[in-house]
Amino acid sequence: MFKVNFLLSLRSLRKNPLYSFINVSGLAIGIATAILICLWIQNEVGHDRFHPNIDRLYMLNNRDKNNGGVFVWNNTCKPLGPALQKDYPEVERVVRINDANANFLISHEDKHFSIHGQFVDTGYFDMFNFPLVKGSPSTALNSPKNIILTASLATKLFGNAEALGKTVRVDSNTYLTVTGVMKDLPGNTSFNFDYLLPWSFYDKLYPNDNSWGNSNIFTFVTLKPKVTLAEFDKRVANIIIEHSKPGETTRKIFAQAVKDAWLYSKVENGEFVGGRIELVRMFSLIAVFILLIACINFTNLSTARSEKRAKEVGIRKVSGALRSSLVVQFICESIMLALVAGILAVGLVQLSLSPFNEVIGAKISIDYGNPLYWVYGLLFIILTGVMAGIYPAFYLSSFQPVKVLKGAFKPVNSLLTPRKVLVVLQFTFAIALIICTIIVQGQIKFAENRDAGYRRDNLAFVIQFGAADRNYELIKKGLLSSGAATGVARTSAPMTEDWSSGDGFSWKESNPSDAKSNFKLFSADKDFATTMHLQILQGRNIDLDTYKTDSFSVLLNEAAVAQMRLKHPVGEAINTTYGKFTLHVVGVVKNFILESPYEPVKPMIIVGPAYGYGVINFRINDRPSYAENLRKAEKVFSEFNPEYPFNVRFYDKEYAVKFADEQRVGKLVGLFAALTIFISCLGLFGLAAYMAESHIKEIGIRKVLGASVTDIAGLLSKEFLRLVGVSFVIASPIAWLVMHNWLLGYQYRITIEWWVFAITGILSLFIALATVSFQAIKAAIANPIKNLRTE
């Protein structure tokens with residue numbers, strides 16, 4: 001039975017090569033796209049879910065009322081972990097991590113790498129699944145003189161030689177022993193480091209950092225079995241308040257499951273409500289629709305050609321074939337076609353993985369050695385074949401042999417047929433994706449064109465390590481005198497990153513609630529405004545050389561002036577709760593974007609040297625040669641900070657990173673829109689070919705009676721254009737609603753204009769017309785005499 005169905009299916013596919021090609025191509029592209037999206041979803045959903053006891057593993061967060069809303073942040077205080085371990089029986093294990101202070105120069109002989117690490121507690125490897133390839137996880141972090149390297153860093157430092165037991169230098173005066181080599185981090189983790197340092201080493205460097213009000217570390221807990229998240233949150237909510245002075249803070253602690261942290265990072269009213277999970281849901285829906293569109297092609301072409309197969313069905317029924325056997329045969333044809341398409345799809349996926357990984361910024365692959373992949377893949381392809389073929393199978397097998405063999409069978413040609421509905425469904429989804437692509441790209445361009453508040457061209461920075469601090473004046477002089485730079489300035493952080501913020505400020509007209517207002521804190525020297533090309537709106541710059549009292553002078557940005565409700569900010573005194581000193585406002589600068597370009601600029605206080613410097617900024621001279629002056633800058637840094645590599649970063653590139661997620665979404669939506677249009681047009685092309693073929697005598701008669709090529713081409717095209725027009729009418733409000741809700745997630749956003757829909761409508765009609773016009777014109781210019789002779 002199987003052999004007979006196989007041979008019949010093979011003969012049917014070979015007999016109709018054009019339609020077989022269209023069906024196989026459409027299904028192959030649809031399956032390949034669905035596979036790629038499923039691999040991406042697997043990577044997203046599996047983020048940090050490979051750790052032991054993942055269902056009991058949580059990260060602690062702070063929650064407090066701030067600026068009229070509820071603010072959430074994940075940095076916690078150092079003493080929180082030990083208190084939880086000691087006083088809370090619900091907690092099985094606590095691990096603290098600090099990565100803000102673990103940026104060291106790691107050296108061995110003549111090899112130096114300025115890279116990022118983490119300070120971690122000794123139970124780190126019991127909580128997280130980052131296996132050591134060498135060394136003992138139970139003892140590798142026991143001493144402050146130990147260090148664990150990733151396999152990549154070990155290779156950079158020691159080549160192929162044994163790393164275990166070797167000594168590395170940390171910065172210029174500390175020597176640590178390699179007690180472990182760890183496998184490189186997987187791609188689906190939010191952890192990012194090249195080495196691990198013991199917490200005892202952190203205590204040695206920062207012995208007095210035990211304030212309950214200083215949040216600069218991450219705290220993770222593993223709860224004991226049967227302890228619920230709600231119970232734990234209720235128990236620990238007031239732990240900060242209990243360890244602080246009465247009335248000093250209202251900050252509360254709550255936990256988030258580590259397995260959810262990657263997907264749920266969006267905060268509303270103090271709760272994690274969404275984030276990347278919204279992308280996962282959106283692209284899951286896209287995968288389903290693209291596969292559905294490919295299946296619709298098969299269904300439409302199969303039912304459209306029903307007249308061609310009606311006699312075959314009639315003869316087989318007269319010969320004794322049961323309807324069930326015909327259904328099985330037609331489904332077998334569909335499954336066989338899906339299997340061929342599946343094989344091609346795997347090849348397409350393999351060819352597409354590298355560029356697809358570049359677009360999504362991840363490293364996904366098919367694990368061919370995993371038998372589950374093959375089982376699920378085969379089931380997926382068979383299910384696709386059944387889904388594509390089940391309606392045509394029951395439709396074709398329902399023909400009555402008497403009507404068919406008498407020639408009384410006529411295909412349905414009413415105003416509303418399943419085939420027309422499916423074509424409309426195809427193009428509705430495709431048109432909606434086109435509209436979404438245009439709006440996403442418009443939102444990205446809108447934010448990219450937003451005034452950043454400073455000039456990024458030729459502007460670079462180097463993180464200040466080693467001798468750069470004490471030799472800053474020499475570095476500055478060398479950069480300017482050599483012509484490598486036109487301006488040099490120091491700041492506490494890069495202009496694109498938020499390194500510090502705080503509250504507890506008061507001023508003359510402030511009220512008690514203002515003490516909770518959060519301000520970004522930024523340090524800058526006297527050359528800051530001129531080097532960055534910042535606009536000072538009121539007052540003057542901070543200049544300690546000219547004004548000896550400027551040690552505690554500050555600049556405010558426009559947002560801070562608005563937040564503090566100051567009518568005359570210059571000369572205002574600002575008191576600090578924690579530092580117990582007074583700041584004096586000497587100027588107001590125009591807002592500049594420190595964080596997201598899609599959000600309003602946050603209030604900022606810019607101080608002089610009081611908070612220290614961490615970054616050297618310089619504007620590279622592009623005359624006579626940008627490249628030559630960059631080499632001069634490297635020579636200057638190498639001369640005055642010889643132990644550290646010249647790790648220069650450029651503001652235009654750093655700023656561009658802020659658009660990475662939206663650009664990724666835009667590229668993916670655009671890609672899937674193009675694929676959807678292509679698959680839909682394949683089906684439209686096949687339907688147009690069939691329509692031209694089935695109306696061949698009518699076309700011949702019309703031409704003999706004087707119809708022009710334009711008349712006939714229009715006759716064959718107008719039905720398809722009408723369906724695309726209906727699709728546009730349905731897709732437009734759906735796309736508007738989806739994009740309107742998406743844009744609500746951005747405070748700085750575009751409005752959806754009418755021309756987006758106008759362009760999409762014209763483009764859709766043009767694509768449909770271009771698709772069907774080939775077959776329409778081909779039929780219209782054919783010789784009518786030849787057509788009328790054809791039986």
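**Asp-498, partly exposed at 31% relative accessibility, and its partner Lys-520.** This is a predicted model, and here we zoom in on a salt bridge in it. Asp-498 and Lys-520 are paired, with their closest N and O atoms 2.8 Å apart. The pair links distant parts of the chain, 22 residues apart: Asp-498 is in the loop between strand S18 (485-491) and strand S19 (501-502), while Lys-520 belongs to strand S21 (residues 519-523). Is Lys-520 buried or exposed? Lys-520 counts as buried, since its relative accessible area is 9%, under the 20% cut-off. Asp-498, at 31%, falls in the partly exposed class instead.

**Glu-595 and Lys-602 make another salt bridge.** Here the closest N and O atoms are 3.9 Å apart. How accessible are the two partners? Glu-595 has a relative accessible area of 29%, so Glu-595 is partly exposed. Lys-602 is partly exposed too, at 38%.

**Arg-276 meets Glu-44 in a salt bridge between two helices.** The N to O distance between these side chains is 2.7 Å. Arg-276 sits in helix H10 (residues 276-304) and Glu-44 in helix H2 (residues 17-45), so the bridge ties together parts of the chain that are 232 residues apart in sequence. Side chains of opposite charge can pair when their charged atoms come close. Both partners here are buried: Arg-276 has a relative accessible area of 16%, and Glu-44 has 3%. If you follow the charges onward, Glu-44 and Arg-276 are part of a salt-bridge network that also takes in Asp-661 and Arg-664. Over the whole structure there are 31 salt bridges.

**Tyr-454, Met-495 and Phe-592 are among the best-connected members of the largest nonpolar core.** That core has 106 residues, and the ones touching the most other members are Tyr-454, Met-495, Phe-528, Phe-592, Ile-606 and Phe-672. Which element gives the most to this core? Helix H15 does, with 15 residues. Take Met-495 as your way in: leaving aside neighbours within four places in sequence, its contacts include Tyr-454, Phe-522, Phe-528, Met-532, Phe-592 and Tyr-651. Apart from this core lies another one, of 23 residues, including Leu-149, Ala-163, Tyr-202 and Ile-217. In soluble globular proteins, nonpolar side chains tend to be buried together.

**Phe-128 and Phe-130 form a stacked aromatic pair.** The structure has 38 aromatic pairs. In this one, the ring centres are 6.4 Å apart and the planes make an angle of 20 degrees. Phe-128 and Phe-130 are both buried. They also belong to an aromatic cluster, together with Phe-50, Tyr-124, Phe-125, Phe-191, Phe-193 and Phe-220.

**Tyr-454 and Phe-592 show an edge-to-face arrangement.** Centre to centre, the two rings are 6.3 Å apart, with 90 degrees between their planes. What does this pair tie together? Tyr-454 lies in the loop between H15 and strand S17 (459-463), and Phe-592 in the loop between strand S25 (582-589) and strand S26 (604-607), so the rings tie together parts that are 138 residues apart in sequence. Tyr-454 is buried, at 5% relative accessibility, and Phe-592 is buried as well, at 1%.

**Ile-438 on helix H15 meets a part of the chain around Val-756.** Helix H15 spans residues 418-448. How far apart are Ile-438 and Val-756? In sequence they are 318 residues apart, yet in space their C-alpha atoms are 7.0 Å apart. Ile-438 is in contact with Val-756, and also with Trp-755, Ile-759 and Thr-760. With a relative accessible area of 25%, Ile-438 counts as partly exposed.

**Leu-372, Val-375, Tyr-376 and Leu-379 make a nonpolar patch on the surface.** The patch covers about 420 Å². Val-375, one of its members, is part of helix H13 (residues 371-396). At 43% relative accessible area, Val-375 counts as partly exposed.

**Zooming out, the protein has 25 helices and 28 strands.** Of its 791 residues, 49% are buried. Among contacts with a separation of 6 or more, 79% join residues 24 or more positions apart. The accessible surface comes to about 37,500 Å², and carbon and sulfur atoms account for 59% of that.

Technical notes
Residues are numbered from 1 along each chain as its sequence is written. This is a predicted model: local features need pLDDT of at least 70, side-chain atom pairs count only at pLDDT 80 or more; totals for chains, interfaces and linings use all residues. Side-chain values use heavy atoms; hydrogens and water are left out. Helices (H or I, at least four residues) and strands (E, at least two) are DSSP runs, numbered from the N terminus. Buried means under 20% relative accessible area, exposed over 50%, partly exposed in between (1.4 Å probe, protein chains only). Contact means heavy atoms within 4.5 Å. Accessible areas come from the Shrake-Rupley method with a 1.4 Å probe; for residues, only the protein chains shown count as cover. Patches are made of residues with over 30% relative accessible area and no salt bridge: like charges are joined within 9 Å, nonpolar side chains (Val, Leu, Ile, Met, Phe, Trp, Tyr) within 5 Å. A salt bridge is a side-chain nitrogen of Lys or Arg within 4 Å of a carboxyl oxygen of Asp or Glu. A nonpolar core is a set of buried Ala, Val, Leu, Ile, Met, Phe, Trp, Tyr and Cys residues joined through side-chain atoms within 4.5 Å. Rings of Phe, Tyr and Trp (its six-membered ring) pair if their centres lie within 6.5 Å; planes under 30 degrees apart count as stacked, over 60 as edge-to-face and the rest as tilted.
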